[in-house]
4 protein chains.
Amino acid sequence: MTSSDLQAPHCHDVPEADGKSAVQPDKKRLVSRLNRIEGQVRGIARMVDEDRYCVDILTQLGAIRAALDGVAMQLLENHANGCVAKAIGAGKGEDAIAELMDVVRKLKS
Amino acid sequence: MTSSDLQAPHCHDVPEADGKSAVQPDKKRLVSRLNRIEGQVRGIARMVDEDRYCVDILTQLGAIRAALDGVAMQLLENHANGCVAKAIGAGKGEDAIAELMDVVRKLKS
Amino acid sequence: MTSSDLQAPHCHDVPEADGKSAVQPDKKRLVSRLNRIEGQVRGIARMVDEDRYCVDILTQLGAIRAALDGVAMQLLENHANGCVAKAIGAGKGEDAIAELMDVVRKLKS
Amino acid sequence: MTSSDLQAPHCHDVPEADGKSAVQPDKKRLVSRLNRIEGQVRGIARMVDEDRYCVDILTQLGAIRAALDGVAMQLLENHANGCVAKAIGAGKGEDAIAELMDVVRKLKS
């Protein structure tokens, strides 16, 4: 098993109703980043409620978007290193790459 | 008072330590949209925790970004119709527009 | 005429078939920036033709996007300082701001 | 050779000073798309020169950005199907994926 297999998420077929699943290698850190973002969104709702100045709220919204993008890029890299690399190794690269590109296009818009 | 004044947030100087404040005209709806987004972020943390497939999580992240962008655009429109229009009417348009453009650039990146 | 009128584009109704027109205050600089971008796009076509490495081409494409965004933000600021400020001064702010927001949304996607 | 090898760009080491190169499978179409974009940029410079309405120019700029993004996504897909898949097959996936993610991040901003 190369280092990338260790570092990358391990896609394994589990009898899930919704098919695929993947264990993120940095799962705890991702969850705590998401918890922090959740708190930031709550903070913005409070700012609106407290009639805070629009530009201050918008600046905070920009920070949350950047934090979300950071989580998305990490998940994308995990996915590419894990599921996509595994599919390519198994000769099923084209579908996995097409799926990867769909996600990239959605995140780009 | 023109319809835009009624519809637009009312910027009023209140003795706040942080200076400006603004009452959003659609405050309740904005707060409830933000509460929904907060719940969606919590949902994503759960998906990561439950080892859900990366692409499913990334698709949800894309939906949250779009929802956040929607809130940002609404706040930006409120701000332009309220604070910026008011500043222009008072002959202080250039600073207000420069501030507006700073926010647009941040949200664009 | 306040400094912003001098600096801002002068929207004047000319008997144009397509209605409005506006003289950009920094017209020469905008045109030369656009000429430079035109040359960069030509350069990318040459890179593809010369079988250059994908990542090098993509990096150049990113630079062109940033240059285009810079021109767009300058035009947007000119428009806000000129046409929009003028419309607000004439009590027609809401339509002008709605039009401004449409452009911001398009440029954001 | 699987269909993806045929369809994907063929990365071959040629004695180029700048190292890698890649033949895009849809090279002619990419070059003609870029030539069209070049003409559109020239058209925008003319619109500025002819004092056309800011919003009309900005709308055209938005169309060019979308066209550029389309070319970028095509090149990215070619690269993933070609160079990256090849590197993964040769056990050098992690570096190729790290490079791919750098490009995705640049194109996202």
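This short talk covers a helix pair between chains B and C, then the interface of chains B and A. One thing up front: this is a predicted model.

Start with the helices. Two packed helices are described by the angle between their axes and the distance between the axes. Ours are helix 4 of chain B, residues 93–108, and helix 3 of chain C, residues 54–89. They pack at an angle of about 150°. Their axes are 10 Å apart. Angles over 145 degrees count as roughly antiparallel, so helix 4 of chain B and helix 3 of chain C are roughly antiparallel to each other. The crossing is right-handed.

Who touches whom? On the chain B side, helix 4 brings B:E94, B:I97, B:A98, B:M101, B:V104, B:R105 and B:K108. They meet C:D69, C:M73, C:L76, C:E77, C:A80, C:N81 and C:A85 in helix 3 of chain C. By type, the residues of this contact split into eight nonpolar, five charged and one polar.

Now chains B and A. The size of an interface is often given as the accessible area lost when the parts come together. Here, about 4400 Å² is buried between chain B and chain A. Carbon and sulfur atoms give 68% of that area. Which three residues supply more than any other three of the area that chain B buries against chain A? They are B:Y53, B:L58 and B:R65, with 17%. In residue counts, the contact takes 44 from chain B and 44 from chain A.

Last, charges. Six salt bridges are found across the interface of chain B and chain A. B:D51 forms a salt bridge with A:K27. Their closest N and O atoms are 2.8 Å apart.

Note on methods
Residues numbered from 1 in each chain as written. Chains lettered and ligands numbered in written order. Predicted model: local features only at pLDDT ≥ 70, side-chain atom pairs only at ≥ 80, totals over all residues. Heavy atoms only, no water. Axes fitted to C-alpha atoms, helices over the stretch in contact; angles between N-to-C directions. Helix = DSSP H or I, 4+ residues; strand = E, 2+ residues; numbered from the N terminus. Parallel < 35°, antiparallel > 145°, perpendicular 65-115°, else oblique. Left-handed = near helix turned anticlockwise from the far one by under 90°. Contact = heavy atoms within 4.5 Å. Nonpolar A, V, L, I, M, F, W, Y, C, P; charged D, E, K, R; others polar. Buried area = accessible area lost by both parts, 1.4 Å probe. Salt bridge = Lys/Arg side-chain N within 4 Å of Asp/Glu carboxyl O.
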